[in-house]
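Subject: Structure handover

Hello,

Here is the structure I promised to pass on. Please open it alongside this note.

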Amino acid sequence: MKVELSGKSSGGGSGASSKIYSCLVSQSGTSIPTQIILENTIGLTLTWSYVGVGNYKATSDIVFDLTKTFIYSSKTTNTMEHNIGVRTQNTTQFYLGIEAIGGGGVNNEINKMLVNILVYD
């Protein structure tokens, strides 16, 4: 399988390629999450919002084909004692959730968490 990231090709085979949106997300209190964009070969804009304790929504300005899109995050929190999940809401939105081990959402724990959106052609 051939994968293309940022115009660079690796591997061989079917000619499949992908584009990536990569950012570092931070959040404190009830503030809207902030992001540092590392790479954006997709050309999208993400708008973050605070939904509730430990629950944050990202809205894209483009529509994703969910059969060709993979969204994932690292486990970079302030204490590392939490469960982290990414859930797709629809073709333009996904949720990022931070929960204490044992239950209950928590704020103030996202500190430069890597979030990647990988879209295959």
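Below is what was found in the core, the strands and one side chain.

This is a predicted model: local features need pLDDT of at least 70, side-chain atom pairs count only at pLDDT 80 or more, and totals for chains, interfaces and linings use all residues. Residues are numbered from 1 along each chain as its sequence is written, and side-chain values use heavy atoms, without hydrogens and water.

Start with the core. The largest nonpolar core (buried Ala, Val, Leu, Ile, Met, Phe, Trp, Tyr and Cys residues joined through side-chain atoms within 4.5 Å) has 21 residues. Buried means under 20% relative accessible area (1.4 Å probe, protein chains only). Tyr21, Leu44, Leu46, Trp48, Phe94, Ile110 and Ile117 touch the most other members. Two or more core residues come from each of β3 (18-26), β5 (46-52), β6 (55-60), β9 (93-100) and β10 (113-120). Strands here are DSSP E runs of at least two residues, numbered from the N terminus.

Leu44 has contacts (heavy atoms within 4.5 Å) beyond four places in sequence, among them Tyr21, Phe64 and Ile117.

Next, β10. Six of its eight residues are buried, so β10 is largely enclosed by the rest of the structure. Strands pair if DSSP finds at least two bridges between them. β3 and β10 run antiparallel, with eight bridges. Ser22 has Asn116 as its bridge partner in β10. β7 (residues 69-73) is also antiparallel to β10, through five bridges. There, Thr69 stands opposite Val119.

Last, Ser26, in strand β3. A polar atom of the Ser26 side chain lies 2.9 Å from the backbone nitrogen of Lys112. Beyond four places in sequence, Ser26 also contacts residues including Pro33, Thr34 and Ile110.

Best wishes

Notes. Buried means under 20% relative accessible area, exposed over 50%, partly exposed in between (1.4 Å probe, protein chains only). Helices (H or I, at least four residues) and strands (E, at least two) are DSSP runs, numbered from the N terminus. A polar contact is a pair of N or O atoms within 3.5 Å; within protein, one must be able to donate a hydrogen and the other to accept it, and residues adjacent in sequence count only if both atoms are side-chain atoms.
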